[in-house]
Amino acid sequence: MHKVTLIPGDGIGPSIADVAIKVIEAAGVSIAWERVEAGVAAIEKYKDPLPQHVIDSIKETHVALKGPLATPVGSGFRSINVALRKEFDLYTNLRPARSFEGVASRYHDVDLVIVRENTEEFYAGIEHYIDPKRSAAETIGVVTRAGSERIIRFAYEYARKHGRKKVTTVHKANILKYTGGLFLDISREIAAEYPDIRTEDKIIDNMAMQMVLNPHQFDVIVTTNLFGDILSDLASGLVGGLGLAPGANLGYSAAIFEAVHGSAPDIAGKNIANPCAIVLAGAMMLRHLNEAVAADRIEKAVAAVLREGKEVTRDLSPATPVGTEEMGMAIVRKLG
Ligand code: NAD
């Protein structure tokens with residue numbers, strides 16, 4: 001029996017997390033879920049978006065499955081997602097994007113993995129107004145040698161372990177000569193240690209265009225925090241949308257698995273959200289827990305439901321959709 005922290009999350013979070021729990025149970029893995037609230041739900045209950053008992057629970061279980069957590073735009077509390085990543089030093093954000101048969105999308109046979117640095121640079125939220133009149137605002141994006149080395153090494157190790165052939169480093173070192181320059185220099189140093197893996201680097205703006213024009217040329221992509229955030233949404237758009245994109249936040253002492261997408265307030269409470277992203281994140285979690293057989297079965301069950309295309313949500317079948325719960329049950333049935 002595994003013990004896992006469950007954060008259902010905001011918006012569509014609780015409904016898609018429920019599906020993930022049912023699917024994992026149907027795959028035969030026994031999990032004692034420790035259910036805790038963070039985000040908007042926790043503000044209402046505890047006046048704190050990240051109560052201490054949430055942190056304590058992850059410290060004890062070392063593994064969490066998390067629904068999306070809303071962050072107010074422009075003002076209000078800081079991102080709980082960023083706070084969790086910092087608290088547990090979850091330096092890797094691993095975001096695979098692959099095509100599924102039966103899903104109408106721009107491309108087929110896309111299979112790439114984004115390795116996003118998850119704790120530094122402009123995403124760290126080190127920013128302020130320079131005066132009370134808000135005449136200007138500053139953000140400090142810190143890129144460290146240690147932080148860059150560990151994420152770039154992760155990307156190369158990942159490539160080697162998973163039989164991937166190429167690592168592309170994405171940066172903006174032509175303009176951000178220090179932060180981007182350091183990241184790029186370190187990527188070249190580390191690439192030299194992995195002669196078996198092809199290596200290249202691309203400037204972020206060109207990279208965005210290249211991914212849209214021909215995503216098949218990419219395999220493993222490693223980049224800094226903000227670029228990785230944007231490119232991973234772009235990558236999900238290439239293969240059928242955010243409803244299909246899982247992610248893992250990995251550190252030395254904890255791992256938090258989640259969908260790439262957010263709380264989708266525009267569709268919350270309507271039973272129309274696609275549950276696949278968090279279900280696939282659940283499969284990534286099972287692999288992390290050495291339950292690879294169950295993880296494979298879940299991925300195959302999701303693929304089968306998508307291939308048949310009869311019991312899929314509105315984002316995939318606008319004319320004849322089923323609801324979140326119904327798609328979840330279809331995945332459960334495939335598991336037998
Ligand atoms: P979003 O990802 O929530 O939604 C973007 C678009 O994709 C919306 O049109 C939404 O309806 C659609 N979408 C997202 N998930 C879907 C699903 N499972 N099925 C079908 N359609 C889906 O992005 P947003 O609207 O920019 O952000 C909403 C909130 O989520 C914000 O507060 C943001 O900070 C937060 N957020 C959290 C995370 C996280 O918890 N890791 C990630 C991204 C955004």
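Helices and strands here are DSSP runs, numbered from the N terminus. H62 can be placed with those labels: select H62 and you are in the loop between α3 and β3 (63–66). The model on screen is predicted.

**The whole chain**

Before going further with H62, show the whole chain as a cartoon. The protein chain has 11 helices and 12 strands. Turn the C-alpha trace along its principal axes, and the spans come to about 55 × 50 × 40 Å. A compact globule of 336 residues would have a radius of gyration near 20 Å, and the protein chain has 20 Å, so the two agree.

Now switch on the surface. The protein chain exposes about 15100 Å², and carbon and sulfur atoms supply 54% of that area. What share of the 336 residues is buried? Buried residues make up 54% of them.

Colour the charged residues next. There are 38 positive and 42 negative charges in the protein chain, and their mean positions are 2 Å apart.

The contacts can be sorted by how far apart the partners are in sequence. Of those with a separation of 6 or more, 72% join residues 24 or more positions apart. Several of the stops below show such pairs.

**Stop 1: H62 and K59**

Go back to H62. Its phi is near 70 degrees, which is a positive value in a residue other than glycine. The relative accessibility of H62 is 39%; residues between 20% and 50% count as partly exposed, so H62 belongs to that class.

Now select K59, which is in helix α3 (residues 52–61). K59 has 46% relative accessibility and therefore counts as partly exposed. What does K59 contact, leaving aside its neighbours within four places in sequence? The contacts are E87 and F88. Draw a distance between the C-alpha atoms of K59 and E87: the two are 28 residues apart along the chain, and the separation is 10.0 Å.

**Stop 2: E121**

Select E121 in the loop between β5 (111–117) and β6 (127–129). The phi of E121 is near 60 degrees, again a positive value in a residue other than glycine. Is E121 buried or exposed? The relative accessibility of E121 is 3%, and anything under 20% is buried, so E121 counts as buried.

**Stop 3: the rings in helix α5**

The structure holds 3 aromatic pairs. One of them is F154 with Y158: the ring centres are 6.3 Å apart and the planes meet at 20 degrees, so the pair is stacked. Show both side chains and look along helix α5 (residues 145–161), where F154 and Y158 are 4 residues apart and thus separated by about one helical turn. Both F154 and Y158 are buried, and you may want to hide the surface to see them.

**Stop 4: G11**

Move to G11, in the loop between β1 (2–7) and α1 (13–26). With 40% relative accessibility, G11 counts as partly exposed. Which residues does G11 touch, not counting those up to four places away in sequence? G11 touches S263 and A268. S263 is 252 residues from G11 along the chain, yet their C-alpha atoms are separated by 4.7 Å.

**Stop 5: the loop between α10 and α11**

Select D315, which lies in the loop between α10 (292–308) and α11 (324–335). D315 counts as partly exposed, because its relative accessibility is 41%. Setting aside residues up to four places away in sequence, D315 touches G243 and N274. Add A273 to the selection: the C-alpha atoms of D315 and A273 are separated by 7.9 Å, while their positions lie 42 residues apart along the chain as a separation.

Stay in this loop and pick P318, which is also found between α10 and α11. Is P318 buried or exposed? P318 has a relative accessible area of 64%, and over 50% means exposed, so P318 is exposed.

End with a distance across the model. Select P318 and V82 together: they are 236 residues apart along the chain, and their C-alpha atoms are separated by 34 Å.

Note on methods: Residues are numbered from 1 along each chain as its sequence is written. This is a predicted model: local features need pLDDT of at least 70, side-chain atom pairs count only at pLDDT 80 or more; totals for chains, interfaces and linings use all residues. Side-chain values use heavy atoms; hydrogens and water are left out. Helices (H or I, at least four residues) and strands (E, at least two) are DSSP runs, numbered from the N terminus. The radius of gyration is taken over C-alpha atoms; the globule rule is 2.2 Å times the number of residues to the power 0.38. Buried means under 20% relative accessible area, exposed over 50%, partly exposed in between (1.4 Å probe, protein chains only). Contact means heavy atoms within 4.5 Å. Accessible areas come from the Shrake-Rupley method with a 1.4 Å probe; for residues, only the protein chains shown count as cover. Lys and Arg count as positive and Asp and Glu as negative; His and the chain ends are not counted. The place of a charge is taken as NZ of Lys, CZ of Arg, CG of Asp or CD of Glu. Rings of Phe, Tyr and Trp (its six-membered ring) pair if their centres lie within 6.5 Å; planes under 30 degrees apart count as stacked, over 60 as edge-to-face and the rest as tilted.
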